[in-house]
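Could you put together some exercises that help me find my way around this structure? I am new to it, so please add worked solutions that go step by step.

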Amino acid sequence: MCNTKNNILPAAEVEKQFEYIKRIKKDNDKYTELNGNRRRAFVMTFGCQQNEADSEKIAGMAEAMGYEIANLPEGASLIVVNTCAVREHAEQKALSIIGQYKHLKNKDPDMIIAVCGCMVTQEHRVNEIKFSYPYVDFVFGTSSIHRLPQLICQRRASGRRIYCPEEKEYLVAEGIPMKRAEGARAWVSVMYGCNNFCSYCIVPYVRGRERSRTREAIYDEVAELVKQGYRDITLLGQNVNSYGKDSGYDYDFADLLSMLDTIEGDYMIHFMTSHPKDATRKLIDVMANGRHIAKHFHLPLQAGSDDVLRRMNRRYTFESYMGILDYIREKMPDAVITSDIMVGFPGESEEDFEDTLRALRRARFDMIYSFIYSPRRGTPAYSMDCHIPDKIKSERFERLLQCQNAIALEKNKPLVGKTVRVLCDGRSKNNDKVFSGRNEGNKIVFFDAEDSDTGKFLDVLIERADTFALYGKIIRQK
């Protein structure tokens with residue numbers, strides 16, 4: 001193996017955090033002994049699956065420090081808000097929630113409130129928290145998640161608020177405790193950061209450049225998850241297709257998938273997100289031949305107009321994108337293909353938007369995640385001319401949904417009468433009289449079941465299909 005750049009944080013730096021963890025746990029254990037109950041920690045998460053994975057580390061460290069993980073902020077001694085910066089709405093929502101914690105701090109001045117994540121890697125947001133949210137004890141960015149124990153100790157010792165700067169060099173911290181979300185699904189980060197600099201996207205500025213974990217560390221983590229009974233494991237990265245390129249590894253993401261596929265057990269592997277410019281035939285071939293790799297490819301298109309794609313700095317054309325889709329369907333005729341579509345990018349003409357509608361009809365995605373463009377300060381698109389009025393963006397968005405919803409229903413209807421394998425997630429959150437799960441293509445399926453079926457793969461005969469879900473009954477083995 002050739003590794004020309006070491007992206008891994010030195011083990012001594014991680015061990016230092018465990019010393020802080022021990023110090024805080026000793027204090028929390030003493031509190032429990034005197035009061036008969038444990039201090040509690042609450043983690044609020046905004047944003048993507050990568051943020052969810054970061055929050056699992058935050059919760060894992062908090063639990064190692066002796067905190068009980070709480071479902072509500074009331075009564076917590078430690079509150080950590082993990083923020084998102086992808087859209088303005090997400091930032092405003094996070095700030096609103098942080099504002100609501102002021103009265104909790106007034107009731108318990110010893111409470112520690114911390115804000116982390118993508119939003120606070122932006123200087124203007126750090127200053128806003130510094131001057132407008134004086135009850136926030138410290139902030140730390142995406143490169144400093146592992147330093148939470150140290151920051152708590154420093155805050156307690158000094159009594160001063162802390163504005164932790166981003167690390168000069170983003171490094172991967174291995175061995176951090178994690179508290180996984182309940183259920184049979186798990187998320188594993190294989191790399192962090194992004195080098196693509198799409199003109200609308202803030203991610204490279206708030207999460208840094210690409211850095212990959214070693215395949216050995218990823219293999220060990222996935223193998224342990226399978227051993228623990230997790231049945232659906234999603235590999236995460238801003239662009240998983242770039243895995244290994246930053247470090248000079250002599251293996252790529254397709255090779256990583258092949259290695260993980262050798263792990264014995266009953267499980268599925270999903271991954272996201274893929275950038276079309278790096279989606280190789282080698283990767284598609286590995287998926288087609290895999291035993292455990294889900295035949296589901298999430299491949300963001302963003303727009304159907306080549307002119308818009310150029311101004312987005314996406315570095316592919318619609319025709320080159322369709323070449324990838326055609327090859328996926330050649331190798332995996334039943335593959336589920338999902339995508340991201342953005343409406344209202346600066347300068348998008350009516351003809352550009354019509355190109356996107358035509359692209360949907362040709363690509364025939366099973367599902368899309370659709371977004372209205374949101375200006376992000378610090379990105380090239382923020383300074384572009386010809387921003388689209390909100391009224392036009394909203395009208396186009398509705399037309400986009402109408403077009404895609406019709407396609408999604410057409411894609412789902414042929415599944416009626418077929419038996420699909422579904423991972424049962426338990427009782428539906430919206431109706432506890434029925435159960436829900438997802439099939440290999442990540443489509444939601446509703447059915448009648450028993451509580452003992454939760455976390456298991458089930459064969460479900462599809463009896464009805466609508467735009468967003470499938471409905472069926474379990475086929476029990478006699």
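Below are six exercises with solutions, all based on a predicted model.

**Exercise 1. A six-stranded sheet**

Work out which strands stand at the edges of the open sheet of six strands, and what packs on this sheet.

Solution.
- Step 1: Begin with the strand order, which is β2-β1-β3-β4-β5-β6, with parallel pairing.
- Step 2: Look at the two ends. β2 (68–69) and β6 (162–163) each have a single partner strand, so one side of each lacks a neighbour in the sheet.
- Step 3: Take one pair from the order. Strand β1 (residues 40–45) is joined to strand β3 (residues 78–83) by five bridges, and the two run parallel. Here F42 has I79 in β3 as its bridge partner.
- Step 4: Add the helix. Helix α6 (residues 148–158) packs on the sheet and touches β3, β4 (112–117), β5 (138–140) and β6. The direction of α6 makes about 160° with that of β5.

**Exercise 2. Two helices side by side**

Decide whether α12 and α13 are roughly parallel or roughly antiparallel, and list the residues that meet.

Solution.
- Step 1: Read the geometry. Helix α12 (residues 318–331) packs against helix α13 (residues 350–363) at an angle of about 15°, and their axes are 11 Å apart.
- Step 2: Compare with the cut-off: angles under 35 degrees count as roughly parallel. The helices α12 and α13 are therefore roughly parallel to each other.
- Step 3: Note the handedness. The crossing of α12 and α13 is right-handed.
- Step 4: Find the contacts. From α12 come F318, E319, M322, L325 and R329, and they meet A359, R362 and A363 of α13. Sorted by class, this contact has five nonpolar, three charged and no polar residues.

**Exercise 3. Following strand pairs**

Trace how β15, β16, β17, β18 and β19 are paired, and name some of the facing residues.

Solution.
- Step 1: Start from strand β15 (residues 419–427), which is joined by five bridges to strand β18 (residues 457–465); the two run antiparallel. V420 has V460 in β18 as its bridge partner.
- Step 2: β15 also pairs with β16 in the antiparallel sense, over five bridges. V422 stands opposite N439 in β16.
- Step 3: Move on from strand β16 (residues 435–439) to β17: four bridges join them, and they run antiparallel. R438 stands opposite I444 in β17.
- Step 4: Finish with β17 and strand β19 (residues 470–474), which run parallel and are joined by two bridges. The partner of F446 in β19 is Y471.

**Exercise 4. The two faces of a strand**

Which residues of β17 are on its covered face, and which are on its uncovered one?

Solution.
- Step 1: Recall a general pattern: in a regular strand, side chains alternate between the two faces of the sheet.
- Step 2: Apply the idea to strand β17 (residues 444–447). V445 and F447 make up the covered face, while I444 and F446 make up the uncovered one.

**Exercise 5. Unusual backbone spots**

Find two residues other than glycine with a positive phi, and a cis peptide bond.

Solution.
- Step 1: Keep the usual case in mind: most residues other than glycine have a negative phi, and most peptide bonds are trans.
- Step 2: R315 has a positive phi of about 65°. R315 lies in the loop between α11 and α12 and is partly exposed, with a relative accessible area of 45%.
- Step 3: N442 has a phi near 70°. N442 belongs to the hairpin of β16 and β17, which has four residues between the strands. With 22% relative accessibility, N442 is partly exposed.
- Step 4: For the peptide bond, go to M272 and T273, which are joined in the cis form with omega at about 5°. T273 sits in the loop between β11 (268–272) and α10 (281–289).

**Exercise 6. Buried or exposed?**

Is Y249 buried or exposed, and why does D306 count as partly exposed?

Solution.
- Step 1: Locate the residues. Y249 is in the loop between β10 (232–236) and α9 (253–260), and D306 is in helix α11 (residues 306–312).
- Step 2: Use the cut-offs: buried means under 20% relative accessible area, and exposed means over 50%.
- Step 3: Y249 has 8%, so this residue is buried. D306 has 40%, so this one is partly exposed.
- Step 4: Check the contacts of D306. Apart from neighbours within four places in sequence, D306 is in contact with T317 and F318.

Note on methods
Residues numbered from 1 in each chain as written. Predicted model: local features only at pLDDT ≥ 70, side-chain atom pairs only at ≥ 80, totals over all residues. Heavy atoms only, no water. Axes fitted to C-alpha atoms, helices over the stretch in contact; angles between N-to-C directions. Parallel < 35°, antiparallel > 145°, perpendicular 65-115°, else oblique. Left-handed = near helix turned anticlockwise from the far one by under 90°. Contact = heavy atoms within 4.5 Å. Nonpolar A, V, L, I, M, F, W, Y, C, P; charged D, E, K, R; others polar. Buried < 20%, exposed > 50% of the residue type's maximum accessible area, 1.4 Å probe, protein only. Pairing = 2+ DSSP bridges.
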